[in-house]
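Please read the following account with the model open beside it, since the text moves from a pocket to the contacts between two chains.

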Amino acid sequence: MNKLDELADTLANLDEEKAIAITKESLESGVDPMKILDMCRKGIVIVGDRFEKEEYFLSEMIMAAEIFKQVMNLVKPKLKKITEKPLGKIVIGTVQGDVHDIGKNIVISLLEASGFEVHDIGIDAPPEKFLSSIKEFKPEIVGMSCLLTLSIKSMKRTVEAIEKSNLRDNLKIIIGGGRVDKDACDYVKADAYSDSAPKGVEICKKWVGGV
Amino acid sequence: MSKTEKSGEDLYNEKIERLEAATKVEKTDRVPIAVSTTYFPAKYAGISYEQMFYDNEKYSEAVTKFARDFNWDAISSLRSFESVTLGLTLAAFDPSIAIDVATFSVLGGGISHDILGDKYSLMPGRELSENTESQFVIKEPFINIDEYDLFLENPFEFLAETIIPRIYKNLEKLNSPNAIGSLIKLGSELGLFKPKLLEFIRKMKDVGCPPWYCALAPNPLDTFGAFLRNFDTLMLDLYRVPDKVKKICELLTPVLTEVGKATGKISLEATGSRRVFCPVWYSTYLSPKMYREFHWPYLKSIILSLIDAGFTPLLSLQGSYDHLLETILELPEKKVIAWFDKTNLRKAKDVIGNYQCIAGGISPSILIGGTENKVKEEVKNIMNDVKSEGGFIFTLPFNSIGDAKVENVKAMTKAVLEYGKY
């Protein structure tokens, strides 16, 4: 087994230093950057499995996403052009009135690690920002994030604005955050909810046929 | 008039006793209802969130009106946390001043935010519109990873000299007129506020409503993450510099234990309640292994010290605690209240049984978007499943009902009284 083969497990075991060292060595010895990326994605899949089995919780997911991000930063400049088609496109933002972004950022890292093209519209994003981004990027999925209870109403207003602009058909909407649950999802009229980043990403993958 | 006052006091004492009995897992007449209400009384009384933070008189009227009209067993009106770090910095100088400063923003509202110019909070009527809830975030870490050793070597001096200027815009240059003036202003406002606080507590006694909590024991990991490092960066530190994180937790444990005991004593004397609020945040993000390594040992030490000193730790286990429920069984029997947020209450009851008092309730989403009937059904189901023979307090997640419909909150109250009977 050469070193690169260890990368998936190294990432899954959250060994940051070793993962970076393997990446650097592999790049220096002329390994195809796409292969490194593939190994990282395999690592993220292992992390996801461990999360499912409740061996890992959110802190492990955050660390894994952080390692993935660092590897990507090393690999990206070496990729001539990402020729592969993204798994799907998603516009994601924290809704108007809420400035929290920890949850959103974790979801974004995991989505990117899963092969999604992610358009992050930031925090405190008003409905108009969601509308213009949907028109510009034509995503299959819109993700709305929040921490506070007050944001549930804000999510509802955003979904209504999307409906009014006739952009709701063919669009899947997922809401996420500390205070969302089934009742919030029904009220907001979203298609799905998740209070856990990895579970939310699994839902998105299913929607675009990635699982 | 004196008769009304007396009946207010009787009501107050009756509620204190009902909550005490529930804490000891003894059967009472009914399940008590005790909620962290923060924003809801403002909304109910028709004042803005800006007024709630900046007009203590109006907020005091709003809270007492709400308390009288809803007649719950306890409510809480603590507001924000901007001055906590400044207070912590003064711990070695004078513990009593440290407590006063730390709790000023918690009890006194937005004025310390204006005076200190902290980078923690966005406030209604300041950085936010007048009816948006205050938000607390750290964008960039205040303590960097390479500064852990400096903090460990000389914590209070390092905080005062390096970290305080980073957190508070008006204390950026400590030997400037702006900083000196700001501190004097904070002191004089604090002096003006203290009698008002006692007056507020008296008014709450008149309307017969004890505090759900009025004392605070923070724990090391959450405090370090939420006030000094930042929330997600600290999570990476658990893997990168685990030993240093543990040393910081060890360092903070005795200091925060004293905060809990000191605020507990003040609260007990003023309000008659033994409860000390112990908010717990990181638990929801940590695996049992990580929790037992970085969080629980220190939290448990503080809890045990509070119990030894005669207080009732009110463990606000925010987020999900489903994976950690067994830890509650490690604490002395019937000495704490385990207040759950998103944790499955039925599962919690299965694991904890009658060993400790459990507090929990229904999803705030139902109060915001549901119907009165749905609210009633949910309360009924919860009561049937977990009220047992005692040891249950009906509550809601921390600060979660600002946007609730008034009619739903009324329906919830009615249902608790009806289905909570023993």
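Which element gives the most to the lining of the second largest pocket? In this predicted model, that element is α4(A), which contributes seven residues to the lining. The pocket itself has a volume of about 660 Å³, and 28 residues line it, with Phe68(A), Lys69(A), Ile108(A), Ser109(A) and Glu112(A) lying nearest its centre. The elements that supply two or more lining residues are α3 (33-52), α4 (58-75) and α5 (102-113) of chain A, together with α12 of chain B. In character, the lining divides into 13 nonpolar, six polar and nine charged residues.

The helix α12 of chain B leads on to the interface between the two chains. Here 33 residues of chain B are in contact with 30 residues of chain A, and the two chains bury about 2,600 Å² between them, of which 60% is on carbon and sulfur atoms. On the side of chain B, the residues that lose the most area to chain A are Gln135(B), Tyr239(B) and Lys342(B), which together account for 21% of what that side buries.

Polar and charged pairs also cross this interface. The rule finds 17 residue pairs in polar contact between chain B and chain A, counting those in which both residues are at pLDDT 80 or more. As for the elements involved, β4 (135-136), α12 (231-240), α14 (288-294) and α17 (364-369) of chain B each supply at least two residues of the side that touches chain A, and the largest share, six residues, comes from α12(B). That side of chain B divides into 16 nonpolar, nine polar and eight charged residues.

Side chains of opposite charge can pair when their charged atoms come close. Over all chains the count comes to 35 salt bridges, and five salt bridges are found across the interface of chain B and chain A. One salt bridge brings together the side chains of Arg240(B) and Glu66(A), at 3.1 Å from N to O. Another is formed by Asp195(A) with Lys342(B), whose closest N and O atoms are 2.9 Å apart. Asp195(A) lies in the loop between β5 (192-194) and α9 (197-207) of chain A, while Lys342(B) lies in the loop between β7 (337-340) and α16 (345-352) of chain B, so this pair joins two chains. Lys342(B) is also one of the residues named above for the area lost to chain A.

How values were computed. Residues are numbered from 1 along each chain as its sequence is written. Chains are lettered from A and ligands numbered from 1 in the order in which they are written. This is a predicted model: local features need pLDDT of at least 70, side-chain atom pairs count only at pLDDT 80 or more; totals for chains, interfaces and linings use all residues. Side-chain values use heavy atoms; hydrogens and water are left out. Contact means heavy atoms within 4.5 Å. Buried area is the accessible area (1.4 Å probe) that two parts lose on being put together, summed over both. A salt bridge is a side-chain nitrogen of Lys or Arg within 4 Å of a carboxyl oxygen of Asp or Glu. A polar contact is a pair of N or O atoms within 3.5 Å; within protein, one must be able to donate a hydrogen and the other to accept it, and residues adjacent in sequence count only if both atoms are side-chain atoms. Helices (H or I, at least four residues) and strands (E, at least two) are DSSP runs, numbered from the N terminus. Ala, Val, Leu, Ile, Met, Phe, Trp, Tyr, Cys and Pro count as nonpolar, Asp, Glu, Lys and Arg as charged, and the others, Gly among them, as polar. On a 1 Å grid over the protein atoms alone, a cavity is a set of points where a 1.4 Å probe fits but cannot get out, and a pocket is an open set with protein on both sides within 12 Å along at least five of seven lines; lining residues have an atom within 4 Å of a point. Grid points are joined across faces, edges and corners, and a volume is the space filled by probe spheres set on the points.
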